[in-house]
Amino acid sequence: MSSTEPAPGTVALIGVGRIGEMHAALLLAHPLVERLVLAGSTPERAEALAGRLGCDWATVEAIFDETNPLGIDAVAIATSTATHADLLIRCAEAGLPVFCEKPIGLDLDEARAAQRALEDAGVPHHIGFQRRFDAGYSAARDLLASGELGELRRFHAVTGDHVPPTPDYIPDSGGIFLDAGVHDFDIIRWVTGREVVEVYTTGSARGMKEFAEHDDLSDAVTILTLDDGTVGTAHVSRYNGQGHEVRLDLMGTDGSANVGLDAKVPFRSTEPGVDFPPDEPWYDFIERFRPCYERELDHFLRHPAQGLPGACSAADAVEALRIALTCRRSSLERRAVRVAEL
Ligand SMILES: NC(=O)c1ccc[n+]([C@@H]2O[C@H](COP(=O)([O-])OP(=O)(O)OC[C@H]3O[C@@H](n4cnc5c(N)ncnc54)[C@H](O)[C@@H]3O)[C@@H](O)[C@H]2O)c1
């Protein structure tokens with residue numbers, strides 16, 4: 001796949017779990033994917049999925065074999081978060097354009113090492129913050145930039161999973177801020193064009209015992225301050241009973257706007273005579289964001305060179321991770337923490 005003229009090619013997808021299965025189907029349906037090769041830490045699972053979808057499978061080692069016997073042109077990574085930084089570095093060393101699921105890593109050192117490797121090698125890369133490809137978030141960003149809302153003074157972000165992840169997912173997830181809240185931190189930066197400078201976070205670990213056992217939280221609220229003094233909150237929950245809820249409210253001096261208040265928003269109005277929303281609530285992230293996952297992969301395949309609207313660089317992903325880690329420190333130390341401390 002050349003960086004200027006996208007041509008059909010061979011894509012390797014590493015990681016065939018929950019989201020990897022969806023990415024496999026999307027990649028296979030893409031006109032620029034001539035051949036899809038699946039790989040994972042459990043080869044039988046990659047083989048079984050390849051059999052169901054009618055594509056190829058291989059070992060992770062074969063994908064990174066320096067003679068490139070499989071003719072791989074690009075890699076998509078959908079493995080557990082702990083493996084992202086290492087796999088990104090392997091792609092950089094192999095000179096392979098790479099799409100990688102969020103977050104970029106579990107700690108800042110490994111994430112920065114991956115960023116450096118990708119930048120030094122000049123390898124096209126894209127970290128999967130799919131909200132950047134959502135029509136509502138894009139419109140909010142444009143509205144704010146147009147000045148129609150006046151000066152942004154406050155914001156309120158919400159990420160509520162309908163059902164919690166399975167107990168085995170929790171220990172390797174990086175915790176609620178790296179796994180879920182990181183989407184809000186990325187999109188707040190992207191929509192506002194500002195940096196987060198300080199957070200104060202508090203939360204609780206209710207429901208499954210695995211949250212507390214792994215120093216994780218089931219519900220958390222963060223107060224964020226941006227570098228121009230704008231203040232806002234981010235609510236993150238693993239137990240949002242009404243459905244999968246993702247929203248962003250923007251309150252400016254001349255007007256307010258909302259992302260996510262659509263016909264399927266998981267909210268009931270208690271006002272007499274108000275029958276809203278009309279439809280069944282969103283069930284999960286795959287239902288809510290499937291078109292965005294499709295658009296981000298299309299963007300990656302068509303525009304491997306960085307700098308196009310919506311592409312998320314490793315540098316952006318490192319910053320979102322830094323905010324998430326600052327939230328974790330704030331909740332553990334029960335104090336407001338400057339992002340620059342990390
Ligand atoms: N963008 C989003 O909205 C979104 C949603 C869900 C998950 N994710 C991200 O996607 C990643 C995977 O999440 P999931 O829910 O699919 O998890 P999962 O546990 O269902 O799947 C992870 C897969 O990675 C494989 N794997 C682990 N280590 C590996 C290695 N070293 N080499 C090859 N394969 C390996 C596992 O065998 C498993 O099949 C996580 O980083 C998560 O944060 C993103």
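**View 1. The residues around the ligand.** In this predicted model, 25 residues surround the ligand, and R18, I19, S41, T81 and Y293 come nearest; a residue counts as near if one of its heavy atoms lies within 4 Å of the molecule. Sorted by class, the shell has nine nonpolar, twelve polar and four charged residues. Here Ala, Val, Leu, Ile, Met, Phe, Trp, Tyr, Cys and Pro are nonpolar, Asp, Glu, Lys and Arg are charged, and the others, Gly among them, are polar.

Residue numbers run from 1 along each chain as its sequence is written. Local features need pLDDT of at least 70, side-chain atom pairs count only at pLDDT 80 or more, and totals for chains, interfaces and linings use all residues, while side-chain values use heavy atoms, with hydrogens and water left out.

**View 2. Polar contacts to ligand oxygens.** T81 puts a polar side-chain atom 2.7 Å from a ligand oxygen, and H84 has a side-chain N or O atom 3.2 Å from a ligand oxygen. T79 joins in with a backbone N or O atom, 3.4 Å from an oxygen of the ligand. Pairs like these are N or O atoms within 3.5 Å. On its own the ligand exposes 850 Å², and the protein buries 83% of that (Shrake-Rupley areas, 1.4 Å probe).

**View 3. Where the ligand sits.** Domain 1 (9-131) and domain 2 (133-292 + 320-341) both give residues to the ligand shell, so the ligand lies between them; the bounds come from an automatic or database domain assignment. Elements giving two or more residues to that shell are α1 (18-28), α7 (176-192) and α9 (285-302). Helices (H or I, at least four residues) and strands (E, at least two) are DSSP runs, numbered from the N terminus.

**View 4. Backbone oddities in three loops.** Most residues other than glycine have a negative phi, and most peptide bonds are trans. K102 and P103 are joined by a cis bond, omega about -15 degrees, with P103 in the loop between β5 (98-101) and α5 (108-121). F276 to P277 is cis too, omega near 0 degrees, and P277 is in the loop between β12 (256-259) and α9. N68, not a glycine, has a positive phi of about 45 degrees.

How values were computed:
A polar contact is a pair of N or O atoms within 3.5 Å; within protein, one must be able to donate a hydrogen and the other to accept it, and residues adjacent in sequence count only if both atoms are side-chain atoms.
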